[in-house]
Amino acid sequence: MANMRLPRVESQVRSPGPVATPNLPQGNPNAFGAATGAALANFGQKVSQVADVVVQRQEQSEISDLGAKFAETQNQFAGRWQETMKDADPADPTVGEKFVEEYDKHAETLGDGIKTRAAQLYYQRRKTEMRSNLQSTALSMQVELAGAKAKIDYQTGIDQMSQSLIKEPAWFDQSVAEHRRSIEEAIRGGMPR
């Protein structure tokens, strides 16, 4: 047994040789649809560019429309300001506040139907700017009305003192002193001399 040799085992499986492939060009991506993919990518890019142009046109249209609406609003409220000043009661301290509230209600309707972000930002900016201008106008209107009321009050005071002096001339010195005090108080309150 010591001299015994094991028989050599040979593989029974044989390699078939080179694998047969269909007749395709080697390494050509166009053969596997690369050209179609590139064409689709180019088409997608063109569609995206067209969509961007459509959005820009819609933004421009909405902003242009809002610009015209705010110009019309400015014109309307300039006229309303004149009417309000003509018809306002000088004793009403809420005239300016009511004027701005009327604008706020009107301005809310101007933003109806806005779809684009750029137009919404434009709307908010213009609405705020115009409100600020109208508040300034309303404040000056309120000051002007307060001045008109002070003038009416002054004239009423003079008329009443005159009527009382007709009835009782002995109150003349007291009436003159009271008149001077009321003028000094008005000046301290900010009325020009």
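## Exercises on a four-helix chain

In this predicted model, Tyr123 is buried, as its relative accessible area is 6%. The exercises below start from this residue and then widen to helices and pockets.

**Exercise 1.** Determine which aromatic residue pairs with Tyr123, and classify the geometry of the pair.

*Solution.*
1. A search through the whole structure returns 3 aromatic pairs.
2. One of them joins Tyr123 to Phe70, with 6.1 Å from centre to centre and 45° between the planes.
3. Planes under 30 degrees apart would count as stacked and over 60 as edge-to-face; the pair of Phe70 and Tyr123 is therefore tilted.
4. Phe70 belongs to helix H1 and Tyr123 to helix H3, so the pair ties together parts that lie 53 residues apart in sequence.
5. Phe70 has 0% relative accessibility and therefore counts as buried.

**Exercise 2.** Describe the aromatic pair formed by Phe77 and Tyr103, and state whether these residues are buried or exposed.

*Solution.*
1. The ring centres of Phe77 and Tyr103 are 5.7 Å apart, and their planes make an angle of 85°.
2. That angle is over 60 degrees, so the pair is edge-to-face.
3. Distant parts of the chain are linked here: Phe77 is in helix H1 and Tyr103 in helix H2, 26 residues apart.
4. Both Phe77 and Tyr103 are buried.
5. Ring pairs join Phe77, Phe99 and Tyr103 into a cluster.

**Exercise 3.** Check the end-to-end length of helix H2, and find how its buried residues are arranged around the axis.

*Solution.*
1. Helix H2 covers residues 95-110, which is 16 residues.
2. At 1.5 Å a residue, H2 should span 22 Å; its end C-alpha atoms are 23 Å apart, which agrees.
3. The buried residues of H2 are Val95, Gly96, Phe99, Val100, Tyr103, Ala107 and Leu110.
4. Viewed down the axis of H2, these buried residues fall within an arc of 130°, so they line one face of the helix.
5. On the face of H2 turned away from the buried side are the exposed residues Glu97 and Lys105.
6. Asp104, also found in helix H2, has a relative accessible area of 25% and is partly exposed.
7. The C-alpha atoms of Asp104 and Lys127 are 8.5 Å apart, with their positions 23 residues apart along the chain.

**Exercise 4.** Apply the length check to helix H4, and report the backbone geometry of Gly190, which follows this helix.

*Solution.*
1. H4 contains 17 residues and extends 24 Å from its first C-alpha to its last.
2. This is close to the 24 Å expected at 1.5 Å a residue.
3. Gly190, which follows H4, has a positive phi, near 115°.

**Exercise 5.** Identify the helices that contribute to the two largest pockets, and compare the residue classes in the linings.

*Solution.*
1. The largest pocket has a volume of about 260 Å³.
2. Its lining comprises 14 residues, of which the closest to the centre are Tyr154, Ser182, Ile183, Ala186 and Met191.
3. Helix H3 (117-167) and helix H4 (172-188) are the elements that each give two or more residues to this lining.
4. H3 contributes the most to the largest pocket, with 6 residues.
5. By class, the lining of the largest pocket holds 9 nonpolar, 3 polar and 2 charged residues.
6. The second largest pocket encloses about 170 Å³ of space.
7. Gln74, Phe77, Ala78, Trp81, Arg126, Glu129, Met130, Asn133, Leu134 and Thr137 form its lining.
8. Helix H1 (34-87) and H3 are the elements that give two or more residues here.
9. H3 again gives the most, with 6 residues.
10. The lining of the second largest pocket is made up of 5 nonpolar, 3 polar and 2 charged residues.

**Exercise 6.** State how exposed Ala148 is, and give its C-alpha separation from Pro90.

*Solution.*
1. Ala148 is placed in helix H3.
2. Its relative accessibility is 30%, so Ala148 counts as partly exposed.
3. Ala148 and Pro90 are 58 residues apart along the chain, yet their C-alpha atoms are separated by 6.2 Å.

**Exercise 7.** Summarise the secondary structure of the chain, and give the share of buried residues.

*Solution.*
1. The chain has 4 helices and 0 strands.
2. Read from the N terminus, the order of elements is α-α-α-α.
3. Of the 193 residues in the chain, 16% are buried.

Definitions and conventions. Residues are numbered from 1 along each chain as its sequence is written. This is a predicted model: local features need pLDDT of at least 70, side-chain atom pairs count only at pLDDT 80 or more; totals for chains, interfaces and linings use all residues. Side-chain values use heavy atoms; hydrogens and water are left out. On a 1 Å grid over the protein atoms alone, a cavity is a set of points where a 1.4 Å probe fits but cannot get out, and a pocket is an open set with protein on both sides within 12 Å along at least five of seven lines; lining residues have an atom within 4 Å of a point. Grid points are joined across faces, edges and corners, and a volume is the space filled by probe spheres set on the points. Ala, Val, Leu, Ile, Met, Phe, Trp, Tyr, Cys and Pro count as nonpolar, Asp, Glu, Lys and Arg as charged, and the others, Gly among them, as polar. The expected span of a helix is 1.5 Å times one less than its number of residues. Buried means under 20% relative accessible area, exposed over 50%, partly exposed in between (1.4 Å probe, protein chains only). The arc is that of the directions from the helix axis to the C-beta atoms. Rings of Phe, Tyr and Trp (its six-membered ring) pair if their centres lie within 6.5 Å; planes under 30 degrees apart count as stacked, over 60 as edge-to-face and the rest as tilted.
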